[in-house]
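Colleague: I'd like a close look at one part of this model: the aromatic side chains and whatever sits around them. Please keep it informal, since I'm still in my first year.

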Amino acid sequence: MTHETTQSTKPRVVLLGLGAMGSALARTWLAAGHPVTVWNRTASRAEPLRALGADVAATAAEAVSAGSLVVTCLFDDASVGEALAGADLDGRDLVELTTGTPEQAEARAEWARQRGARFLSGGIMAIPPMVGVPEAGGYVFYSGTREVLTEHESTLAVPLGARWAGARPGAAALYDIALLSAMNGLFAGITHAFALVRGEEMPLKEFSGLLVSWLNAMASTADSVAEQVESGDYTRGVVANLPMLVSGNRTLEAAAREQGVDFRLLAPYSELLEKRLALGFGEEGGTGALELLVKRP
């Protein structure tokens, strides 16, 4: 294999990992005219991409030797280390799209540097059906060596949009995890809501429409939270203060008991607000509760 191709003027992409996301990325790059070299531990997953024109490598090291832009989309950070253990990374740009923690990204950046590679960490904010569909709004957070994104952005932005998160290698993972954390809280609330109304007269699809509309309207409160955190003033622009929120949550818990629904999904947040109120911050809204989450040195 050679680093470039004579059949295309577009840069070659070396992609390691062909799960649902990796395969979607590969198909999109191929459709856009990029030569693509792929490798996957389970070799059979590469065959559909071979049929689309991808070069299939027998080993990860062989794949890496084919090009200077190496993208990993593997199961976890440990898988990246295992796959690349025998590869020559000197002079290559390693872009890791494998979900991991900020500390893992920091360690992987140093690991890559010691092997002569520039490193870019990525956090994918999309699901496979969104890949290659710009109107779906999917994107990837990137952090680490800014020059890598600058030089390869036209290639990396083919499957999903690119958003710079910062020079710290772990920043992309942190923003990725922050958004996923908010999503998990959203899912918890949605699950609790359906548990409450599942046996009622209104069709659940109709309730679903009302729920989506309500959540969309409430999502705008994130802007005021940002302003409060930046200013350090948790009383700024408060619409519902802690006594109101705590009282409301007690009503939510009582109603859940009446409906035979466990309050466990909402209880941690409710308890946090109770504690913040007990500490004497009644003029605040709910944002100040984050002070109880952050561990101080």
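Modeller: Let's get one word sorted out before the tour. A residue counts as buried if its relative accessible area is under 20%, as exposed if it is over 50%, and as partly exposed in between. Also keep in mind that this is a predicted model.

Now to the rings. The count comes to 3 aromatic pairs. One of them is F141 with Y175, whose ring centres are 5.6 Å apart with 35 degrees between the planes, a tilted arrangement. F141 belongs to strand β7 and Y175 to helix α7, so this pair ties together parts that are 34 residues apart in sequence. How open are the two partners? F141 is buried because its relative accessible area is 11%, while Y175, at 43%, is partly exposed.

Another pair is F194 with F207, and here the geometry is edge-to-face: 5.4 Å from centre to centre, with 85 degrees between the planes. That puts the angle over the 60 degrees needed for the edge-to-face label. F194 sits in helix α7 and F207 in helix α8 (residues 204–219), so to speak two distant parts of the chain, 13 residues apart, that the pair links. With 24% relative accessible area, F194 is partly exposed. F207 comes in at 18%, so by the rule we began with it is buried.

Back to F141 for a moment. Ring pairs join F141, Y139 and Y175 into a cluster. Y139 has a charged visitor as well: the charged end of R163 sits over its ring, 4.2 Å from the centre.

There's another case of a charge and a ring. R108 lies over the face of W111, 4.5 Å from the ring centre. R108 is busy elsewhere too, as it forms a salt bridge with D77, where the closest N and O atoms are 3.2 Å apart. Since D77 is in helix α4 (residues 77–83) and R108 in helix α5 (residues 102–114), this salt bridge ties together parts that are 31 residues apart in sequence. Both partners are tucked away: D77 is buried at 13% relative accessible area, and R108 is buried at 8%.

While we're on charges, here's a little background. Side chains of opposite charge can pair when their charged atoms come close. The structure holds 12 salt bridges. Among them is the one between D55 and R12, with the closest N and O atoms 2.9 Å apart. That pair links distant parts of the chain, because D55 is in strand β3 (residues 55–56) while R12 is in the segment before β1 (13–16), 43 residues away. D55 is partly exposed at 32%, but R12 is buried at 8%. E284 and R276 form another salt bridge, also listed with 2.9 Å between the closest N and O atoms. E284 is buried at 6%, and R276 is buried at 7%. D93, R118 and E151 go beyond a simple pair, being linked in a network of salt bridges.

Next, the empty space around all this. How many cavities of 30 Å³ or more are there? The structure holds 2. The largest encloses about 100 Å³. It is lined by 13 residues, and the closest to its centre are T98, T99, G100, S121 and A173. The elements giving two or more residues to that lining are α5, β6 (118–125) and α7 (171–197), with β6 giving the most, 3 residues. By class, the lining has 2 nonpolar, 8 polar and 3 charged residues.

The second largest cavity has a volume of about 30 Å³. L25, W29, L97, V140, Y142, L156, P159 and L160 line it, and α1 (20–31) and β7 (139–144) each give two or more of these residues. What classes of residue make up this lining? It has 8 nonpolar residues, with no polar and no charged ones.

So two elements are worth finding in your viewer. Helix α7 holds Y175 and F194, and contributes to the lining of the largest cavity. Strand β7 holds F141 and contributes to the lining of the second largest cavity.

Key:
Residues numbered from 1 in each chain as written. Predicted model: local features only at pLDDT ≥ 70, side-chain atom pairs only at ≥ 80, totals over all residues. Heavy atoms only, no water. Salt bridge = Lys/Arg side-chain N within 4 Å of Asp/Glu carboxyl O. Helix = DSSP H or I, 4+ residues; strand = E, 2+ residues; numbered from the N terminus. Buried < 20%, exposed > 50% of the residue type's maximum accessible area, 1.4 Å probe, protein only. 1 Å grid on protein atoms, 1.4 Å probe; cavity = no way out; pocket = protein on both sides within 12 Å on 5 of 7 lines; lining within 4 Å. Points joined across faces, edges and corners; volume = space filled by probe spheres on them. Nonpolar A, V, L, I, M, F, W, Y, C, P; charged D, E, K, R; others polar. Phe/Tyr/Trp six-rings, centres within 6.5 Å; stacked < 30°, edge-to-face > 60°. Lys NZ or Arg CZ within 6 Å of the ring centre and 35° of its normal.
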